Number of protein chains: 2
Amino acid sequence: MNLPSKLIEDAVTEISRLPGIGKKTALRLALHLLKQHEAHTEALALAITRMRQEVKYCKTCHTISDEEECSICKSHRRDGSIICVVEDIRDVLAIENTNQFNGKYHVLGGVISPIQGIGPEELHIESLINRIDVAKEGEPVKEIILALSATMEGDTTAFYLSKRLKDKGVDISTIARGIPVGGELEFTDEVTLGRSIMTRVNYSGQ
Amino acid sequence: MNLPSKLIEDAVTEISRLPGIGKKTALRLALHLLKQHEAHTEALALAITRMRQEVKYCKTCHTISDEEECSICKSHRRDGSIICVVEDIRDVLAIENTNQFNGKYHVLGGVISPIQGIGPEELHIESLINRIDVAKEGEPVKEIILALSATMEGDTTAFYLSKRLKDKGVDISTIARGIPVGGELEFTDEVTLGRSIMTRVNYSGQ
């Protein structure tokens, strides 16, 4: 694209670095900002800069938090003996929305991905192990739920974690893979269907 | 969405003001920025702020330009007797990419849209008429090409412009509407097909 202005070109280049946004969309967004009042652009620029500079992470579970410890980790109503291990904060939000989980979380900050150069040491795995060790003296951790994506990277991470946690004396479980609620059998892929038969559960009438 | 941090919430709110970006995508983009180096976010914030504050428009055709007059308006190789009227700078870029047009442009800055509260006075229409009047003494404008979108708003704007320019002694044309190159007859909608028959042109073998 041959843009007639260096200013626009710089803005388009920077916007198109964001995931899922190409040059054409970036230009559309830049032109949108130009049509809006200047205060809009300033508010956007300030919000992202402040977020990046001032964001804090919970010292226990590594989720994003404005305080040193997040509200879930601080809460006495949540069951500290069950820790749900997730990839990032979006997964915490998704699970919280279900209202089905009353334990605590541990945010890994990603999954093991050799292609993207992410190894176990880039993730918050040591602090999870440390957390289990420290908890032994107070409220011991009984179960670790691995709630990772059903992708190659997610499965690799789950396998690695299960090996690292083997001797810690905690139950390790993983969220169920199967046919989504409302899903039809004939349109389900063979791998999912096969797995849902292998991991069948007692019929409880629900 | 119940975000655990005010900083993230502000950033998500501002990002989701952009067209075509909802809360979920905004959160994805915000988390992406958090994973990147701080310099990325700063560069993005600076680029959009500078663009918004310092951008200039060509005094003649109103396209975005770093100088007072854009390179197309300044060029002596371009035919100033033909002016192509477009909605915004993206249309200029699209037409320039075809390499089929050697005249000059006039950017309206939008189209007439009563729903969005955009009337003729919000657009650069007076300056187009003024441009034609001024040019009479030097290199007179012979033709105005209306290259507007084939939408209700585009057609309304074209109709309004054709009425305003009626007595100016210039030819008024509009870009052809018809079947796209490579398009198949049977899949073309009736309105387009009907119009392409009504506005048929001499077969030139091309």
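I take copies to be superposed by least squares on the C-alpha atoms of residues with pLDDT of at least 70 in both. This is a predicted model, in which local features need pLDDT of at least 70, side-chain atom pairs count only at pLDDT 80 or more, and totals for chains, interfaces and linings use all residues. Residues are numbered from 1 along each chain as its sequence is written, chains are lettered from A and ligands numbered from 1 in the order in which they are written, and side-chain values use heavy atoms, with hydrogens and water left out.

**Chain relation.** I looked up how chain B maps onto chain A: a rotation of 180° with 0.1 Å of shift along its axis superposes them, with an RMSD of 0.1 Å. That is the relation of a two-fold axis. In chain B, the residue that comes closest to the rotation axis is B:Ala45, at 2.2 Å (C-alpha). I noted that 100% of the interface residues of chain B are also interface residues in chain A, so the copies meet through the same surface.

**Sheet of chain B.** I then traced an open sheet of four strands, in the order β4-β3-β5-β6, with parallel pairing. Helices (H or I, at least four residues) and strands (E, at least two) are DSSP runs, numbered from the N terminus; two strands pair if DSSP finds at least two bridges between them. The edge strands, each pairing on one side only, are β4 (103-107) and β6 (171-174) of chain B. From one strand to the next, the twist averages 25°. Axes are lines fitted to C-alpha atoms, for helices over the stretch in contact (heavy atoms within 4.5 Å), and angles run from 0 to 180 degrees between N-to-C directions.

**Within the sheet.** I found four bridges in the parallel sense between β3 (residues 79-86) and β5 (residues 143-146) of chain B. B:Ile82 has B:Glu143 as its bridge partner in β5(B).

**Helix.** I recorded that α6 (residues 126-135) of chain B lies across β3, β4 and β5 of chain B and runs at about 150° to β4(B).
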